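Me: I would like a close look at one part of this model, the open sheet. Please walk me through its strands and what lies against them.

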Amino acid sequence: MSKINVYKYLNDIYFNFNTLFNENNISSHFYVDELKISTDNAMYFGLLLTELYINSIKHAFKNQDNKEIRFELKVHNNEMYFNYSDNGNQKLESSIKPKLVDKLCRQLKLEYKITVSKGFSFSFKQHIK
């Protein structure tokens with residue numbers, strides 16, 4: 001199989017994290033457009049999403065009641081937009097660069113953006129081939 005429905009694949013990952021979200025009282029929002037992409041890219045996107053979820057669950061929410069994680073993968077004009085964020089209250093360095101996330105993005109040849117002003121936010125866009 002050279003292409004896979006990224007919605008179905010990432011939704012399976014999201015579904016597997018629902019128990020952890022519920023156990024940790026984390027509100028989660030998930031939206032992915034229907035799109036077929038290469039199985040290699042889908043695998044990397046799945047690894048990225050998994051790593052981001054794990055980092056948020058483990059590190060973002062210390063002594064915090066309102067916990068929220070958002071993920072969107074949208075398509076517009078042959079561009080795919082990957083947006084992940086949490087509203088964690090942990091103070092992060094403005095130059096944070098998670099090692100595994102960085103390695104996965106280098107493998108995909110992506111330039112990404114991280115902001116830490118209101119929680120943690122990670123995003124990139126990629127041209128659809």
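Reply: Two strands count as paired if DSSP finds at least two bridges between them. The model is predicted. On that footing, five strands form an open sheet in the order 2-4-5-7-6, with mixed pairing. Strand 2 and strand 6 stand at the edges, each with a single partner strand, so one side of each has no neighbour in the sheet. On average, neighbouring strands are turned by 10 degrees against each other, direction ignored.

Start at the edge with strand 2. Strand 2 covers residues 26–32. Its partner is strand 4, residues 67–76, and the two pair in the parallel sense over seven bridges. His-29 stands opposite Arg-70 in strand 4. Val-32 has Leu-73 as its bridge partner in strand 4.

Now the faces of strand 2. In a regular strand the side chains alternate between the two faces of the sheet. Ile-26, Ser-28, Phe-30 and Val-32 make up the covered face. Ser-27, His-29 and Tyr-31 make up the uncovered one. Helix 1, residues 6–23, lies across strand 2 and strand 4. Helix 1 runs at about 175 degrees to strand 2.

Move on to strand 7. Strand 5 (residues 79–86) and strand 7 (residues 120–127) pair in the antiparallel sense over eight bridges. Glu-79 has His-127 as its bridge partner in strand 7. Strand 7 also pairs with strand 6, residues 112–115, again in the antiparallel sense, over four bridges. Here Ile-114 is matched by Phe-122 of strand 7. Strand 6 and strand 7 form a hairpin with four residues between them. Gly-119 sits in that turn and has a positive phi of about 85 degrees.

One helix pair completes the tour. Two packed helices are described by the angle and the distance between their axes. For helix 2 (residues 39–60) and helix 3 (residues 99–108), the axes come within 10 Å and cross at roughly 165 degrees. That makes helix 2 roughly antiparallel to helix 3. The crossing is left-handed. Helix 2 brings Asn-41, Tyr-44, Phe-45, Leu-47, Leu-48, Glu-51 and Leu-52 to the contact. Helix 3 meets them with Leu-100, Val-101, Leu-104, Cys-105, Gln-107 and Leu-108. The residues of this contact divide into 10 nonpolar, two polar and one charged.

Conventions. Residues are numbered from 1 along each chain as its sequence is written. This is a predicted model: local features need pLDDT of at least 70, side-chain atom pairs count only at pLDDT 80 or more; totals for chains, interfaces and linings use all residues. Side-chain values use heavy atoms; hydrogens and water are left out. Axes are lines fitted to C-alpha atoms, for helices over the stretch in contact, and angles run from 0 to 180 degrees between N-to-C directions. Angles under 35 degrees count as roughly parallel, over 145 as roughly antiparallel, 65 to 115 as roughly perpendicular and the rest as oblique. A crossing is left-handed if the near helix is turned anticlockwise from the far one by less than a right angle, and right-handed if clockwise. Contact means heavy atoms within 4.5 Å. Ala, Val, Leu, Ile, Met, Phe, Trp, Tyr, Cys and Pro count as nonpolar, Asp, Glu, Lys and Arg as charged, and the others, Gly among them, as polar. Buried means under 20% relative accessible area, exposed over 50%, partly exposed in between (1.4 Å probe, protein chains only).
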